[in-house]
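Visitor: Could you walk me through one part of this thing in detail? I'd like a close look at the pockets, and then whatever else seems worth a glance.

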Amino acid sequence: MERILNSLGDIPLGFGGASISGEGAGYGFGDISKDNAIALLNYAFDRGIRLFDTAPIYGFGESERRIGEAFKSNRDEVFIISKCGVSWHPSMRVNMTNDPKTSLEMLHASLKRLNTDYIDHYMIHWPDESVDIRKTMEVLAKAKLQGKIKSIGLCNTFEEDYMKAREVDEITSLQSELNLFSRESLEGPVSIAKRDNISFMSWGTLDKGILTGRVNSKRKFDKSDCRSWAPWWKAIDKDSRYQRVEKLKEILKDYQLSTLEFSLAFNLSFDNVDKLLCGGRSIEQWDDLISAAKKNIDKNTLSEILEKFDEN
């Protein structure tokens, strides 16, 4: 059976929907108007992007609403991913749970915001040790039989949860963080995807912009950008990463490559990594991403550069 993400166009990129959540706050990456967001989504589609990944927490629903608006006239031509597991209270306090009832409520709310009768791929966003994942999967499997979702995947998962989930229904993709600085998933979801021949897609592909050089020590963020307030962002040793990116730039000069080209090629060098989620926020950024994704770097060159990078 063909891996579910392999047939979605020739470009191995997916549109990371948190980038266009704008003033919706929640998990998002800065101000962008509804009109500009929709124009950007359509531009990415015109350039060949077919996978659009979102979640309710991205802008507290705003990302889903904008994706629904952008593709209301050509819904069947795009592959939309959304998720359950991260909801919020009226106070906007985030609530992480895989409670089956909450998961079903989240699915119905996402269908409404996306203005669609079905979601192509529905994922459990994060593990929840307080809920047996099989209970959540039973709800999703029923929704799948009803045609509300077409397929099911897991984000940020681990072996035990994955195996339990498969007892209930087929899992056709995994999603987790993967980039030059964060490689933990290589021993987890990526290896599982290879073993069972299912699709893997990476989030954090460019480490929130650090690997492109656009995010550095001088970068300032909008209030609607989670990098201006999130504890997990503040906890990262960003200075060491900024320094390593500068060293990577020096290494890549000898190969006439950009950090963007190398970062995408690194992720794509692993088996079953079929799509890289990226949050381009302008036409220029999407042009750069698509061009970089088409860059062919042979394995020997890739290994040589990686060895030099890891020595630093």
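Guide: Strand 5 (94-96), strand 8 (173-177), strand 10 (273-278) and helix 10 (283-293) each put at least two residues into the lining of the largest pocket. Keep in mind that this is a predicted model. The volume of that largest pocket comes out at about 1,100 Å³. Its lining runs to 43 residues, and the ones closest to the centre are A18, Y27, F29, K208 and W232. Sorted by character, the lining of the largest pocket has 20 nonpolar, 14 polar and 9 charged residues.

Now for the second largest pocket, with a volume of about 170 Å³. Helix 10 turns up here as well, since helix 9 (259-268), helix 10 and helix 11 (299-311) each give at least two residues to the lining of this second largest pocket. Helix 9 has the largest share, with 4 residues. If you want to pick the lining out in your viewer, select E261, L264, A265, L268, S269, A292, A293, K295, N296, I297, K299 and L302. By type, the lining of the second largest pocket splits into 7 nonpolar, 2 polar and 3 charged residues.

Next, the cysteines. A disulfide is a covalent bond between the sulfur atoms of two cysteines. With a cut-off of 2.5 Å between sulfurs, the count here is 0 disulfides. Take C84: it is in no disulfide, and the nearest cysteine sulfur, in C155, is 9.2 Å away. C84 counts as buried because its relative accessibility is 0%. For C226, the closest cysteine sulfur is that of C278, and at 16 Å it is too far for a bond. C226 has 1% relative accessibility, so it counts as buried.

One last stop is L41, which sits in helix 1 (residues 34-46). L41 has a relative accessible area of 0%, so it is buried. What does L41 touch, leaving aside residues up to four places away in sequence? The contacts of L41 are F15, I20, F52, R66, I67, A70 and F71. For a distance to check, try L41 and V78: they are 37 residues apart along the chain, and their C-alpha atoms are separated by 11 Å.

Definitions and conventions
Residues are numbered from 1 along each chain as its sequence is written. This is a predicted model: local features need pLDDT of at least 70, side-chain atom pairs count only at pLDDT 80 or more; totals for chains, interfaces and linings use all residues. Side-chain values use heavy atoms; hydrogens and water are left out. Buried means under 20% relative accessible area, exposed over 50%, partly exposed in between (1.4 Å probe, protein chains only). On a 1 Å grid over the protein atoms alone, a cavity is a set of points where a 1.4 Å probe fits but cannot get out, and a pocket is an open set with protein on both sides within 12 Å along at least five of seven lines; lining residues have an atom within 4 Å of a point. Grid points are joined across faces, edges and corners, and a volume is the space filled by probe spheres set on the points. Ala, Val, Leu, Ile, Met, Phe, Trp, Tyr, Cys and Pro count as nonpolar, Asp, Glu, Lys and Arg as charged, and the others, Gly among them, as polar. Contact means heavy atoms within 4.5 Å.
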